[in-house]
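User: Could you take a close look at one strand of this model for me, and then at the surface patches? I'd like to know how far to trust it, too.

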Amino acid sequence: MIRSILTMLLSLAVLTACGLQTEKYQGQTSRDDVENMGMNNDVTRENENPRSMNKVGKTWGLKQDRQMIKEAAQKLEGVEVKRVIIEANKVWVTVDVEGEKDMSKEELDEWKSQIKEAVYQAVPRYDIAVRIK
């Protein structure tokens, strides 16, 4: 009888001791932890995504993309960018090339491909269309 009582107390002590080590248990999260995943630690409830629209800065955005496209196209000698239009993943670049009136269709196509390649090297995420005016 004493032996069975001691066995039950010992097993109760062992099971209770194993159950109290919840700090080292990796799978334990509270409901608040799950609801607040990806939020700032500040009082604000904004997401930490750096590319969200409320965190547009000096390094990316449509204005910066237009500027990079313009600079890339104008690096080619004799090219002046007249207009850059960005809509979704499409870019239309209208340029003026010195002496384009005297050029053949093949020469104009070569200029278009050079300008398109220069713009693609600057911002490869767009589908680029070049127009020489």
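Analyst: Let's start with Arg-131, which sits in strand β3, residues 127-132 (strands are DSSP E runs of at least two residues, helices H or I runs of at least four, numbered from the N terminus). Keep in mind that this is a predicted model, where local features need pLDDT of at least 70, side-chain atom pairs count only at pLDDT 80 or more, and totals for chains, interfaces and linings use all residues. Residues are numbered from 1 along each chain as its sequence is written, and side-chain values use heavy atoms, without hydrogens or water.

Asp-127 belongs to strand β3 as well. Asp-127 is partly exposed, at 41% relative accessible area (buried is under 20%, exposed over 50%, partly exposed in between, with a 1.4 Å probe and protein chains only). Its C-alpha lies 6.0 Å from that of Asn-89, though 38 residues separate the two along the chain.

Back to Arg-131: together with Arg-83, Lys-112 and Lys-133, Arg-131 makes up a positively charged surface patch (members have over 30% relative accessible area and no salt bridge; like charges join within 9 Å, nonpolar side chains within 5 Å).

There's a nonpolar surface patch too: Met-1, Ile-2, Ile-5, Leu-6, Leu-9 and Leu-12 share about 690 Å² of accessible area. Of these, Leu-6 lies in helix α1, residues 2-19, and is exposed at 52%.

As for trust, the chain's mean pLDDT (the predictor's per-residue confidence, 0 to 100) is 81, with 68% of residues at 70 or more. Among the elements, strand β2 (residues 90-97) has the highest mean, 96, and helix α2 (residues 31-35) the lowest, 66. Where pLDDT is low, don't read the predicted coordinates in detail.

How values were computed. Areas by Shrake-Rupley, 256 points an atom, 1.4 Å probe, with all protein chains shown as cover. Salt bridge = Lys/Arg side-chain N within 4 Å of Asp/Glu carboxyl O. Lys, Arg positive; Asp, Glu negative; His and termini not counted. Charge placed at Lys NZ, Arg CZ, Asp CG, Glu CD.
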